[in-house]
Amino acid sequence: MSLFDEIKKFYIKVKERELQYKIKTLTENFKNKYYKNQNKEKRNFKYFLNDFKEYFRKVFHDKVETYLFIKEIISTVVFVIVAVILIRFFIGELRFIPSASMRNTLIEGDRVFVQKMTFWDRELKRGDVIVFYPPDEILLQDKWSIFARLTGIFCKDIAYIKRIVAVGGDKFEIKQDKNGNSYVYINDKQIDEPYVLKNTNWPDCTSDKFCGPFVVPKDNYFMMGDNRANSLDSRFWGFLPKDRIVGRASFIFWPLNRIKKL
């Protein structure tokens, strides 16, 4: 039974109890009138019927008014939920940055607008900042979990925000120079990454990490945080399938002194 059904059931029970109480009260009033003036039984009974008619007119009027009020509230709530789902699904949503993995591009406390229309405009490309569900995050497919993801209401699924470093078909590899500094190579060429936080030591490329060389599969992406020393990204969990992407972070909208396009 849905929440709306429960509310309706509870409301009906309350009104039934109220009706029983009112009928009992009217009956007692009738008895008092009758015993007070036994010679006017018909008149008293007529009064009783008039009172009873008036009461039922008022009860049903109140019921209609209450029904219309509840219907309006439910309609408004449903409209808002549908509007939120449509906006989040087709246009975009707002996200909060909780960690330092994207410093200095994004810092803790930043609010970003995540654009969904990216998929209508163009293909995602290297350098785009993406919000996504990591491959090892189990996404439940029950109705409530899907509803929570669509609306953002009580959604407990963990989403990451990282930058696309390589796309499907790219040859990826991390190399170190003689000074121990690490760099990303795409298709055997070192790429310029001005957004990367400088003067930090990247985690060593051990056998359990994805450091290449390898070719990124089709419809997959290799994601890395701009703070390479403090980012749980594709180096640890591998490729990101396209169907795990929520959207592209297009700009910071809060705080005001941090507003900028990404």
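How many disulfides does a search of the whole structure find? The search returns one. The tour reaches that link after the overall view and the sheet; the model is a predicted one.

**The whole chain**

Begin with the full chain in cartoon representation, where five helices and twelve strands are assigned. Colour by accessibility next: of the 262 residues, 32% are buried. With a surface displayed, the accessible area amounts to about 17200 Å², and carbon and sulfur atoms account for 58% of that area. If contacts are drawn between residues at least 6 apart in sequence, 65% of them join residues at least 24 apart.

**The four-strand sheet**

Select strands β5 to β8 now. They form an open sheet in the order β7-β6-β5-β8, with antiparallel pairing. The edge positions belong to β7 and β8 (214–215), each of which has a single partner strand, so one side of each lacks a neighbour in the sheet. As background to this view, strands of a sheet pair through backbone hydrogen bonds, either parallel or antiparallel.

Move to β6, residues 182–186. Is this strand largely enclosed or left open by the rest of the structure? Four of its five residues are buried, so β6 is largely enclosed by the rest of the structure; the cut-off applied is a relative accessible area under 20%.

Add strand β5 (residues 171–176) to the selection. β5 and β6 pair in the antiparallel sense over five bridges, and Q176 can be found opposite S182 of β6. Follow the backbone through the hairpin that links these two strands: five residues lie between them, and G180 adopts a positive phi near 85°.

On the other side of β6, select β7, residues 189–190. This strand runs antiparallel to β6 and is joined to it by two bridges. Here Y185 stands opposite Q190 of β7. The hairpin of β6 and β7 has two residues between the strands, and N187 takes a positive phi near 55°.

**R126 and its surroundings**

Select R126 next, in the loop between α3 (118–121) and β3 (129–132). Its relative accessibility is 41%, so R126 counts as partly exposed. Which residues does R126 contact, leaving aside neighbours within four places in sequence? They are I164, V165, A166, V167, D170 and I186. Show the side chains of R126 and D170 as sticks: a polar contact of 2.6 Å joins them. Then draw a distance between the C-alpha atoms of R126 and V165; these residues are 39 apart along the chain, yet the atoms are separated by 5.2 Å.

**The cysteines**

Finally, display the cysteines C205 and C211. A disulfide joins C205 to C211, with an S to S distance of 2.3 Å. In general terms, a disulfide is a covalent bond between the sulfur atoms of two cysteines. Viewed along the S-S bond, the link of C205 and C211 is left-handed, with -85° about that bond. The partners differ in their exposure: C205 has a relative accessible area of 41% and is partly exposed, whereas C211, at 7%, is buried. A last stop is C155, which counts as partly exposed at 29% relative accessibility.

Methods:
Residues numbered from 1 in each chain as written. Predicted model: local features only at pLDDT ≥ 70, side-chain atom pairs only at ≥ 80, totals over all residues. Heavy atoms only, no water. Buried < 20%, exposed > 50% of the residue type's maximum accessible area, 1.4 Å probe, protein only. Contact = heavy atoms within 4.5 Å. Areas by Shrake-Rupley, 256 points an atom, 1.4 Å probe, with all protein chains shown as cover. Pairing = 2+ DSSP bridges. Disulfide = S-S within 2.5 Å. Polar contact = N/O pair within 3.5 Å; in protein donor to acceptor, adjacent residues only side chain to side chain.
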